[in-house]
Amino acid sequence: MAETRTEALHQNAEGLDIQAPDAILSSLASAQIEAAKAVRGAIPAIAKAAEIIASRLNSGGKLAYAAAGSSGLMALADALELPGTFGIQRDRIAILIAGGDDAFKTLAGGPEDDTEEASAAVAAAGIGEGDCLIAVSASGSTPYAVTAIEDAQRRGAATIAIANNKDAPLLRLADIAILLETPPELIAGSTRMGAGTAQKIALNMLSTLAAIHLGHVHDGYMVNLMADNIKLRDRAARIVAAISGRDRDAAARLLEKSCGAVKTAILLAAGAASADAAEKILEGTGQKLRPALSAIEGSMRQKASVLKTEPEKGQQGD
């Protein structure tokens, strides 16, 4: 096999094992920073991929992640946080990681070559038309990831590939190819380092932009979060207070009326007649809060205008 960029030796690696601890750590930190810079070149591809993800989720489809090893852990971290952060239903997210549940205990290397397991995982997740699959692999040639993307395509799903080597098979197969051309690792082939860092950043950017397209972010606030613990309930109240201009206690009461739905609570504060009315307004704006607030503001202005033009009692003509 020809040497790939992710397997090459870093130019500063010579003598690494005999350097002072501070010097080693400085080199490691610098390598991470250089790897992170590689994400900027992928911004156009990430933007296109986010549109596809948002479109599929908005139409009722699922989002699947498929990967092995360290790339699997990066994918897992992104996938697991989507419900809590952006309120995306858990049954709309599928995580396909080589080795299945055992990967969380051993992260053995063997399963990444298991193409049959990849095919079975895609089938079990029910990936098909209307869905989207993201395959992640530093080398871009991991059999598990390659098979997952091939099977997803055959079933009619949109596919996105994230890899760190140019011209990798995974990138050639996908509908959208996200190349993160990170430098060689300071520890040759240890892609949990620079390549993994770049993958983590790219995945965060990808899912966040998709969530913005879906209307789950407003002025930098996660307005579709799932408040299922004390910290998040407090955050939800602070978000409602910040956007509506109400105090913290009033925001908490509005959240009670909305059964914890942040967007609905904000619309109640803006003048929506009821939680049901607020939710209907959101349905009409594609779950986007800003146009929903504008709709309420416009409705209230219209009502005020009508009231001003109506003749007062006792002043009507015969």
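**Strand 5.** I started with the two faces of strand 5 in this predicted model. I176 and I178 sit on the covered face, while A177 and L179 make up the uncovered one. That fits the textbook pattern, since side chains in a regular strand alternate between the two faces of the sheet. Next I looked up how strand 5 is held: 4 bridges join strand 5 to strand 4, and the two run parallel. Within that pairing, I178 stands opposite I162.

**The sheet.** Then I stepped back to the whole sheet. It is open, has 5 strands in the order 2-1-3-4-5, and the pairing is parallel. Which strands stand at the edges? They are strand 2 and strand 5; each has a single partner strand, so one side of each has no neighbour in the sheet. I also noted the twist: neighbouring strands are turned by 15 degrees against each other on average, direction ignored.

**The strand 2 edge.** I wanted to know how strand 2 (residues 93-97) sits, given its edge position. 4 of its 5 residues are buried, so strand 2 is largely enclosed by the rest of the structure. Its partner is strand 1 (residues 63-67), which runs parallel to strand 2 and is joined to it by 5 bridges. I checked two of the pairs by eye: L63 is opposite I93, and A66 has L96 as its bridge partner. Strand 1, helix 3 (residues 69-86) and strand 2 together form a β-α-β unit, and I have that down as right-handed.

**Helices over the sheet.** Helix 3 lies across strand 1, strand 2 and strand 3, at about 160 degrees to strand 1. Helix 5 (residues 143-154) lies across strand 1, strand 2, strand 3 and strand 4, and runs at about 165 degrees to strand 3.

**The cores.** What is the size of the largest nonpolar core? I have 34 residues for it, and those with the most contacts inside are I53, L63, Y65, I134, I178 and L206. So I178 from the covered face of strand 5 turns up here again. The elements that supply at least two residues each include helix 2 (43-58), strand 3 (132-137), strand 4 (158-163) and helix 7 (194-213). Helix 2 gives the largest share, 7 residues.

I then picked I134 and listed its contacts, leaving aside neighbours within four places in sequence. The list is I53, L63, A64, Y65, A66, I160, I162, L203 and L206. There is also a second, separate core of 25 residues; A68, A121, A145 and A161 are among them.

**D175.** Just ahead of strand 5 I stopped at D175, in the loop between helix 6 (169-173) and strand 5. Is D175 buried or partly exposed? At 46% relative accessibility it counts as partly exposed. Beyond residues up to four places away in sequence, D175 touches Q153, A157, A158 and T159. I also took its C-alpha to C-alpha distance to L255: 41 Å in space, with the two positions 80 residues apart in sequence numbering.

**Helices 8 and 9.** L255 took me to my last stop, as one of the helix 9 contact residues. The axes of helix 8 (residues 230-244) and helix 9 (residues 248-257) come within 8 Å and cross at roughly 110 degrees. That crossing makes helix 8 roughly perpendicular to helix 9. On the helix 8 side the contact is made by D234, A236, A237, V240 and A241. From helix 9 I wrote down R248, A251, L254 and L255.

Note on methods:
Residues are numbered from 1 along each chain as its sequence is written. This is a predicted model: local features need pLDDT of at least 70, side-chain atom pairs count only at pLDDT 80 or more; totals for chains, interfaces and linings use all residues. Side-chain values use heavy atoms; hydrogens and water are left out. Buried means under 20% relative accessible area, exposed over 50%, partly exposed in between (1.4 Å probe, protein chains only). Two strands pair if DSSP finds at least two bridges between them. A crossover is right-handed if, with the strands pointing away from the viewer, the path from the first strand over the helix to the second runs clockwise. A nonpolar core is a set of buried Ala, Val, Leu, Ile, Met, Phe, Trp, Tyr and Cys residues joined through side-chain atoms within 4.5 Å. Contact means heavy atoms within 4.5 Å. Axes are lines fitted to C-alpha atoms, for helices over the stretch in contact, and angles run from 0 to 180 degrees between N-to-C directions. Angles under 35 degrees count as roughly parallel, over 145 as roughly antiparallel, 65 to 115 as roughly perpendicular and the rest as oblique.
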